[in-house]
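Dear colleague,

I am passing on a structure that I have been going through, and I would be glad if you could look it over alongside the notes that follow.

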Amino acid sequence: MKKLLLALVMGLMCAVVYAHHEPPEGIKSVDALRIKSKIQLDGVLNEAEWATAPLANEFVQAEPVPGATPSHETEVRILYDDNGIYFGARLYDTRPDSILRELSQRDRIANTDWFAVFIDAYRDGNNGLMFLITPGGVQMDAKITPLQNSDGGWNIVRGEDANWDAVWESHTSIVEDGWIVEMRIPYAALRFPKASEQEWRINFGRLIQRYQQRSYWSNVNPQQAGFLNQGGMLTGIRDIRSPLRLQATPFVAVYGQHFRDKNASPQNSTSRSINGGMDIKYGINDAFTLDMTLIPDFGEAQSDNQVLNLSPFEVRFDENRQFFTEGTELFNKGGLFYSRRVGGTPLHYWDVYDQLQDGEEVIENPQQAQLYNATKISGRTKSGLGVGFFNATSGRSHARIRNAEGDVREVETNPLTNFNVLVLDQNLPHNSYASLINTTVIRNGSDYDANVTGTVFNLRNKSNTYALEGRGILSQLYSPGETDLGHSAGLGLRKTSGNLFFGIHYTEESDTYNPNDLGFLYNNNERAAEGWVEYNQFKPFWKFNSAGIGFWNMYSRLYAPNVFTLYGANAWGWVQTKNFWNFNFFTYHEPFNGYDYFEPRTEGRYFRTPANNNYGFNINTDSRKKIQLSVNTNYRTWSGFGRHRWNWTVSPRYRVNDKLNFRLSVGAYNFVNDLGFADKQTVDILNPETGELTPTEQVIFGRRDNITVENILNASYTFSKNIALTFRMRHYWSKVEYNKYYLLLDDGGLGDTNYAGNRNGNYNAFNIDMIFRWRFAPGSDIFLIWKNNITDFNEAVVEDYFRNLDGLAGLPQRNSLSLKVIYFLDYASLVKQ
């Protein structure tokens, strides 16, 4: 294994030799025209300069008929001056009254047409920016990378990071022959090399939503790997320079909170607070930017989707804090940075409950460590070397414990902690890359420190049809006088272009590998080999626009001891009909017994899992219609005990008009006769050799019914492109009821036990997030936020959902009302004024 790690590191070092990325022959190109007069952004294009600028036209369809001529023409012209670049687009349409233009929040594109500009200023084919505008004037901007995917169903291109925000100007208008776009992107929003003449890779995209027709100026072939690498060239930009990029967004937030618990004294309590801080963005040079947040506040972030976790693994929550989602594409290389660790759950949060003495109770235990500050430095040199540095500090936290006499003591749950991430990411020819990542966590006092160092690479051939990918990672935990080492490594080969895709991959994680102080890993101690093949038809045929089928299988073992754990096989297929309904189906099979070494929660013990089969499908109706329906379901069954699971989710969406829409998601997850860990108990067992009773730990499993219901209601009303009201309500109810308890035997089977404990549970999580947002000036917002939270676990199981719902209002709940004002200050604009 040491030789494999060494080979991966040497491969990275050899790969960083940079080669200039010459565009392929026959690539489209367009010149930009320098101007001296002022352009008024009014969506009219009546300045004389627009008529004389070179024309970019002859778009090509990417969907639904790749390579075909679009139904309507699009023309784009480009101007520039010393401060920014202008794009004017005329999007022809013979039925302008039919142009779809639903309003939405910024960065969330709804049922609407759009026009987008894609810029790859360094021409590496891997990293770029997108600026998108809809006929209703809604803006969206994003970073585009080869690895990262945004959530949501409105992705424009694979690999977009819509959390990145820039300040730019745009205006649109509907005219008799279509619609018009005028946009200005200041150089402060871009990063480009220092050169007398700029040559950028560029592309323009258009969606005609009523036809679901997506087209690009430079053809984007779905059979070819990559997106930015298929763009054209922008030339003619001379003698521009990046301005001083110094921006600040000070904020102030005022909170009022009310907590009610009918079993507490007093039953009602209130509190209020005021917070202030600032985010700073500074352009160190043409390529690198410093981002800093001081005394941050994330009150507008969406509440977590809390769940009842019966598994042996940690629950992974999404990152909703803007500073940690914006511009983090470099730090996500290798998957070693899980930003929820920063300012997250204190290190010894759960230890407090294990250390309670008789008569003591926890009266206060903060669930999050106080984040003092966080800083990011990131950028990419002209030679294609990306550099990212992240640093953050969280403060000490304490739990307060009260004894029967009323005395209160404090216990430290989190020391002063510093987090660091360093990333070096080298772009290579043919959209390849190689990266080196290091993460470090340093804690004050006697608690352990952690370090993880890894390298990942993706090397593609000249035709971009095959990719060799690999990774090698070393984790280290430092305690006084002791160092724990672990490793992870992987190597794979895959075909990346054409209709037929296939690949093989091997990965292993040692039993001591642990990146979780700043990363996230469900479990270590694994070796796995997998292979897959899939065939996709992108061009329409018969009654379908596109379709695909695939097959995947995996064989896994423990790393130590080296024993078999699982074999699984999966087959899937998907089709899109010509009326834009989408159908997906899958099957998954484990044809013989597996061995689960994690469910028993005891080293060396395992549970013998029986053969099982899983079947599922998904249907999504036409998203252009006022009413859209999404249905998901799957059924899984195991051999023995009558064990089975049936999950289903129905999600209707109703669009009242271009401003108001509702989406309801109703889901049920029924796990009947499930088998899993319940508890541990220590019993005295007679030792036949000594005749003495020996305390022995036993692992208790249970046969249980776990019924879960989750309902989510989303509603939004968009007053204008800058003012929106959103409402999200989620109720999650899960009950677990044990029918019988078993002793886990040494051979992984189950035997009888006299265990008399009660592990039943009834869990409720209810949240409301209601947010009014007004972007009253570029980059400046006012948020008015109401949040309601109910979280409760009780051993008394409620039999059905509606009886449980009746008692929800009587549970302890917290309400929060806050007002937050953010104001954007730009040094260049202030000096100009």
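Which residue in S29 does Arg494 stand opposite? Arg494 stands opposite Gly503. Please keep in mind throughout that this is a predicted model.

That pair belongs to a run of strands that I looked at in order. Strand S27 (466–479) and strand S28 (482–495) run antiparallel and are joined by 14 bridges, and within this pairing Tyr466 has Lys495 of S28 as its bridge partner. The two strands form a hairpin with two residues between them, and Gly481, which sits in the turn, has a positive phi of about 75 degrees. S28 then pairs with S29, again in the antiparallel sense, over seven bridges; here the hairpin has four residues between its strands, and the turn contains Gly498, with a positive phi of about 95 degrees.

The same region carries a nonpolar surface patch of about 1,000 Å², made by Leu459, Tyr466, Leu468, Leu491, Leu493, Leu500, Phe502, Ile504, Val533, Tyr535, Ile549 and Phe551. At least two residues of the patch come from each of S27, S28, strand S29 (500–509), strand S30 (526–537) and strand S31 (544–557), and the largest share, three residues, is that of S29. One of the patch residues, Leu468, lies in strand S27 and counts as partly exposed because its relative accessibility is 35%. As a general point when reading such a list, side chains in a regular strand alternate between the two faces of the sheet.

Earlier in the chain there is an open sheet of three strands, in the order S19-S22-S23, with antiparallel pairing. Its edge strands, each pairing on one side only, are strand S19 (361–364) and strand S23 (408–414), and the twist from one strand to the next averages 40 degrees. Three bridges hold the antiparallel pairing between S19 and strand S22 (residues 397–402), with Glu361 standing opposite Arg402 of S22.

Finally, is Ser394 buried or exposed? This residue, which lies in strand S21 (residues 385–394), counts as buried because its relative accessibility is 1%, under the 20% cut-off. Leaving aside residues up to four places away in sequence, Ser394 touches Gly343, Ala369, Gln370, Leu371, Tyr372, Asn414, Pro415, Leu416, Thr417 and Phe419.

With best wishes

How values were computed:
Residues numbered from 1 in each chain as written. Predicted model: local features only at pLDDT ≥ 70, side-chain atom pairs only at ≥ 80, totals over all residues. Heavy atoms only, no water. Patch = residues over 30% accessible without salt bridge, like charges linked within 9 Å, V, L, I, M, F, W, Y side chains within 5 Å. Areas by Shrake-Rupley, 256 points an atom, 1.4 Å probe, with all protein chains shown as cover. Salt bridge = Lys/Arg side-chain N within 4 Å of Asp/Glu carboxyl O. Buried < 20%, exposed > 50% of the residue type's maximum accessible area, 1.4 Å probe, protein only. Pairing = 2+ DSSP bridges. Axes fitted to C-alpha atoms, helices over the stretch in contact; angles between N-to-C directions. Contact = heavy atoms within 4.5 Å.
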